[in-house]
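The exercises below are meant to be worked with the sequence and the model open side by side. Try each task before reading its solution.

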Amino acid sequence: MSPSPPGGTTGSSPSTAREAIGGAVAGAAAYLLGYLSVYLTQSGRIEEGLSGLNFLAELFGNGPISAWQVSGWMFYNAHFVETVFPALFGGTQSRNLLMEAEGAGFLFVVPPLLLLVGGLVAGRVAEADSPLAGARSGALVAAGYLPLALIGAFLFRYAVGDGGVAPDIVTAVLLAGAVYPAAFGALGGAGSSLLSN
């Protein structure tokens, strides 16, 4: 049995932990900054648009819809996750509010951009020395992004009778929570190795 090289298995544990923590923190930060950017740029317009709708909601015994909830719907819409509404005569319908909002199209680039930066940061924290190692570290932003994407899909729900208005749960988890952070985080992480050379 050959002796293990110095820094073998015990040396890789701290770097693996640092890599995972760096990715998770970068992913959580990307999610929170993405939501915050939607809220800060759209909340005034949302509140203006909600004034008449909230009057009707209160008339039918529902609480008012908050700007922070609609900002959440739009944040998920920026990941191409549709918002699901109860249909007038039963069932559901879905829409992308961001596509209908005037002058808000720039928000579609916010999640990819923040996830690229998050992947870059995760790769730098992990001290990735090759594009493959950087991509692996960058993809770990999903560890912080996915749980928040799942929580947000429920947190931004507005109850309407027996149903509700919320991001589509399946695409919120799969597309916004997993595919977006893994893909854009990996790209950012791969780029981080180029900066270290």
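**Exercise 1.** Decide whether Glu-127 counts as buried, partly exposed or exposed, and determine where in the chain Glu-127 is found.

*Solution.* The model is a predicted one, and local features are read from it only where pLDDT is at least 70. The relative accessibility of Glu-127 is 57%, and the cut-off for the exposed class is over 50%, so Glu-127 counts as exposed. As to its place, Glu-127 lies in the loop that runs between helix 4 and helix 5 (131-139), just after the end of helix 4. Its backbone deserves a second look, since Glu-127 has a positive phi of about 55 degrees although it is not a glycine. For background, most residues other than glycine have a negative phi.

**Exercise 2.** Carry out the same analysis for Phe-80, asking which accessibility class applies and in which loop Phe-80 is found.

*Solution.* Phe-80 belongs to the loop between helix 2 and strand 1 (83-86). Its relative accessibility is 44%, which falls between the cut-offs of 20% and 50%, and Phe-80 therefore counts as partly exposed. Phi of Phe-80 is near 65 degrees, which is again a positive value in a residue other than glycine.

**Exercise 3.** Check whether the length of helix 4 agrees or disagrees with its number of residues, and list which of its residues are buried.

*Solution.* Helix 4 covers residues 110-125, that is 16 residues, and at 1.5 Å a residue the expected span is 22 Å. The C-alpha atoms at its ends are 22 Å apart, which agrees with that expectation. Turning to accessibility, the buried residues of helix 4 are Val-110, Pro-111, Pro-112, Leu-115, Gly-118, Gly-119, Ala-122 and Gly-123.

**Exercise 4.** Describe how helix 2 and helix 6 are placed relative to each other, and say which residues meet where they are in contact.

*Solution.* Two packed helices are described by the angle and the distance between their axes. For helix 2 (residues 67-77) and helix 6 (residues 142-155), the axes come within 10 Å and cross at roughly 130 degrees; the two helices are therefore oblique to each other, and their crossing is left-handed. From helix 2, Trp-68, Phe-75 and Tyr-76 take part, and they meet Tyr-145, Leu-148, Ala-149, Leu-150, Gly-152, Ala-153 and Leu-155 of helix 6. Sorted by character, the residues of this contact comprise nine nonpolar, one polar and no charged.

Terms used
Residues are numbered from 1 along each chain as its sequence is written. This is a predicted model: local features need pLDDT of at least 70, side-chain atom pairs count only at pLDDT 80 or more; totals for chains, interfaces and linings use all residues. Side-chain values use heavy atoms; hydrogens and water are left out. Helices (H or I, at least four residues) and strands (E, at least two) are DSSP runs, numbered from the N terminus. The expected span of a helix is 1.5 Å times one less than its number of residues. Buried means under 20% relative accessible area, exposed over 50%, partly exposed in between (1.4 Å probe, protein chains only). Axes are lines fitted to C-alpha atoms, for helices over the stretch in contact, and angles run from 0 to 180 degrees between N-to-C directions. Angles under 35 degrees count as roughly parallel, over 145 as roughly antiparallel, 65 to 115 as roughly perpendicular and the rest as oblique. A crossing is left-handed if the near helix is turned anticlockwise from the far one by less than a right angle, and right-handed if clockwise. Contact means heavy atoms within 4.5 Å. Ala, Val, Leu, Ile, Met, Phe, Trp, Tyr, Cys and Pro count as nonpolar, Asp, Glu, Lys and Arg as charged, and the others, Gly among them, as polar.
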